[in-house]
Amino acid sequence: MQLAQGIPITDVSRWLGHQDIGITFRTYGHLVDEAWDRALDVMQAAYQTGTTEVAAVC
């Protein structure tokens, strides 16, 4: 539920006590597929405005 709501996988991994984020990603990575879309939106907005400071798109 946390990943699906946008909580960073690094935080979830730490909370679950995983020693390696790879464990978390292999198990729950399918729940953060839309993260790529959010990252792309942020990069496109930055490119269009010519700045590195972009308001949150999500």
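What follows is a conversation between a student and an author about the structure shown above.

Reader: Before we start, what kind of model is this?
Author: This is a predicted model, in which local features need pLDDT of at least 70 and side-chain atom pairs count only at pLDDT 80 or more, while totals for chains, interfaces and linings use all residues. Residues are numbered from 1 along each chain as its sequence is written, and side-chain values use heavy atoms, with hydrogens and water left out.

Reader: Okay, how many helices and strands are there in the protein chain?
Author: The protein chain has three helices and zero strands, and its pattern along the sequence reads α-α-α. Helices (H or I, at least four residues) and strands (E, at least two) are DSSP runs, numbered from the N terminus.

Reader: And what share of the residues count as buried?
Author: Of the 58 residues in the protein chain, 17% count as buried, where buried means under 20% relative accessible area, exposed means over 50%, and partly exposed lies in between (1.4 Å probe, protein chains only).

Reader: Switching topic, how many salt bridges does the structure hold?
Author: The structure holds one salt bridge, a term for a side-chain nitrogen of Lys or Arg within 4 Å of a carboxyl oxygen of Asp or Glu. Arg14 forms this salt bridge with Asp11, and the closest N and O atoms are 3.5 Å apart.

Reader: Where do Arg14 and Asp11 lie?
Author: Both Arg14 and Asp11 lie in helix H1, three residues apart, which is about one turn of the helix. Arg14 is exposed because its relative accessible area is 56%, whereas Asp11 is partly exposed, with 21%.

Reader: Now the surface: which residues form a nonpolar patch?
Author: Leu16, Tyr28 and Leu31 form a nonpolar patch on the surface, and together they have about 230 Å² of accessible area. Patches are made of residues with over 30% relative accessible area and no salt bridge, with like charges joined within 9 Å and nonpolar side chains (Val, Leu, Ile, Met, Phe, Trp, Tyr) within 5 Å. Accessible areas come from the Shrake-Rupley method with a 1.4 Å probe, and for residues only the protein chains shown count as cover.

Reader: Where is Leu31 found?
Author: Leu31 sits in the loop between helix H2 (21-28) and helix H3 (34-49), and it counts as partly exposed because its relative accessibility is 30%.

Reader: How far are the C-alpha atoms of Gln5 and Leu31 separated?
Author: Although Gln5 and Leu31 are 26 residues apart along the chain, their C-alpha atoms are separated by 9.3 Å. Gln5 has its place in the segment before helix H1 (9-16), and it counts as exposed, at 68% relative accessibility.
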